[in-house]
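Please open the structure in your viewer and keep the selection panel at hand, for this tour moves from one selection to the next and says what is there.

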Amino acid sequence: YHMQVSRQDVLDVTMCPSEHKMPGFSNFSFTPRKILAKESPCFVLKMMKDLGFIDSFNIKADTLARFILYVRKGYRDVPYHNWSHAFSVAHFAYLALKNFQLVEKGYFTQLEALAYFVSCLCHDIDHRGTTNSFQQQSNSVLASLYSSEGSVMERHHLSQTICTLNTEGCNFLDSLSKDDYVKCLDLIKDMILATDLASHYKIHSRQLAMAQEGYDKIKPENRFYLASLLMTCADLSDQTKDWTETKKVAQLIYAEFFAQGDLEKKMGKEPANMMDREKASIPDHQLEFLTQCCICIFRILAAVFPNAKVLVDAIKQNILCWESSKRIFNKLCVEGVTSYEVLVSEE
Ligand SMILES: COc1ccc(Cl)c(-c2nnc3c(C)nc4ccc(C(=O)NCC(C)C)cc4n23)c1
Ligand SMILES: [Mg+2]
Ligand SMILES: [Zn+2]
């Protein structure tokens with residue numbers, strides 16, 4: 001198992017030129033998907049150094065490098081829920097920590113910041129490109145393990161994260177004090193479980209109330225709601241980038257959804273419309289997702305952090321683009337051409 005990550009691989013990451021200049025890397029408009037997969041482990045290390053985690057927690061660089069490489073190995077080659085998604089979600093955590101000054105302004109302790117960044121990097125480890133409901137439908141091993149508690153995939157991602165930490169030479173958290181270590185794992189658990197969209201819907205109204213009353217750092221439940229909100233925002237952060245990026249990401253998401261729909265048809269099940277390549281209307285579904293779910297979440301974020309308004313504006317821009325592309329789709333979706341074929345053809 002140790003053969004998967006060589007000593008040389010670890011050395012390449014620890015020795016990577018930290019003067020890797022990436023103009024705009026810490027701006028909200030930066031698109032992390034343009035970082036090549038082979039360079040991304042260096043950028044993860046660079047972000048963690050820049051956030052002060054290495055110094056604050058006396059983390060050993062080669063242990064952290066090995067952990068990052070095993071986490072990358074833990075992601076599968078599926079269209080959307082792959083390492084590139086994990087890296088982009090972790091990059092948003094970096095942007096939030098820096099641009100909202102989460103630690104400097106007392107929203108997060110340095111330990112909560114570390115847990116947030118690591119949770120984002122690991123939040124979808126070993127995703128199979130299928131939804132929680134598909135686990136139930138297909139009686140998957142994961143469903144038999146976790147369906148009684150719910151959030152089946154998220155519990156698996158958490159379990160894989162712990163397993164990776166316990167892989168020999170990967171536990172970069174073992175330099176933490178006993179208390180910090182236990183607290184950090186507890187935070188990682190809450191944060192990874194918070195990425196189940198169904199869990200978000202359960203607390204959405206309380207997050208909205210929290211923002212409208214004015215964020216009160218003293219209330220412990222507020223710290224939980226803020227951490228959950230920041231996890232969901234990171235998970236959806238592709239939607240805050242430019243239209244070219246948003247369109248590319250939609251192609252990946254629907255490639256995954258339609259592959260699941262094809263599987264469900266083979267199993268003699270009727271897939272949901274948005275999973276059925278013959279029935280899905282991508283612009284309509286995306287407009288519904290952006291207007292009913294995405295923009296609401298980022299509006300709450302902007303109520304707590306005023307400079308997050310640019311993220312809401314970016315989503316509004318993408319909504320306009322989906323509306324105009326919807327008109328083009330409707331014209332092109334003549335007999336037999338599916339909306340996915342139009343989406344991928346619109347290069
Ligand atoms: C925060 O957790 C997740 C988990 C999985 C995914 Cl794919 C996403 C996600 N990230 N970007 C998107 C975009 C652009 N559109 C989406 C449209 C529908 C759905 C969805 O989950 N509908 C519910 C049904 C599957 C039960 C998710 C969408 N989504 C977020
Ligand atoms: Mg997930
Ligand atoms: Zn995700």
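Begin by selecting helix 13 (243–266) and helix 14 (282–304), each of which supplies at least two residues of the shell around ligand 1. Please bear in mind throughout that this is a predicted model. Of the two selections, stay with helix 14, since the largest share of the shell, three residues, comes from helix 14.

Next, select ligand 1 itself, and you will be looking at the space that is the largest pocket. Around ligand 1 there are 15 residues, of which D235, Q239, I253, M274 and Q286 come nearest. If you colour the shell by residue type, it divides into eight nonpolar residues, six polar residues and one charged residue.

Now turn to the individual contacts, beginning with T195, where a backbone N or O atom lies 3.4 Å from an oxygen atom of ligand 1. Select D235 after that, and look for an N or O atom in its side chain that is 3.4 Å from an oxygen atom of ligand 1. At Q286, a polar side-chain atom lies 3.2 Å from a nitrogen atom of ligand 1. Taken alone, ligand 1 exposes 610 Å², and the protein buries 78% of that.

Finally, leave the ligand and display the aromatic side chains, among which the structure holds 19 aromatic pairs. One of them is F25 with Y94, whose ring centres are 5.4 Å apart and whose planes stand at 50 degrees, so the pair is tilted. F25 lies in the loop between helix 1 (7–14) and helix 2 (40–50), while Y94 lies in helix 5 (residues 83–99), so this pair ties together parts that are 69 residues apart in sequence.

Terms used. Residues numbered from 1 in each chain as written. Chains lettered and ligands numbered in written order. Predicted model: local features only at pLDDT ≥ 70, side-chain atom pairs only at ≥ 80, totals over all residues. Heavy atoms only, no water. Near = heavy atom within 4 Å. Polar contact = N/O pair within 3.5 Å; in protein donor to acceptor, adjacent residues only side chain to side chain. Areas by Shrake-Rupley, 256 points an atom, 1.4 Å probe, with all protein chains shown as cover. 1 Å grid on protein atoms, 1.4 Å probe; cavity = no way out; pocket = protein on both sides within 12 Å on 5 of 7 lines; lining within 4 Å. Sits in = over half its atoms within 2 Å of the grid points. Helix = DSSP H or I, 4+ residues; strand = E, 2+ residues; numbered from the N terminus. Nonpolar A, V, L, I, M, F, W, Y, C, P; charged D, E, K, R; others polar. Phe/Tyr/Trp six-rings, centres within 6.5 Å; stacked < 30°, edge-to-face > 60°.
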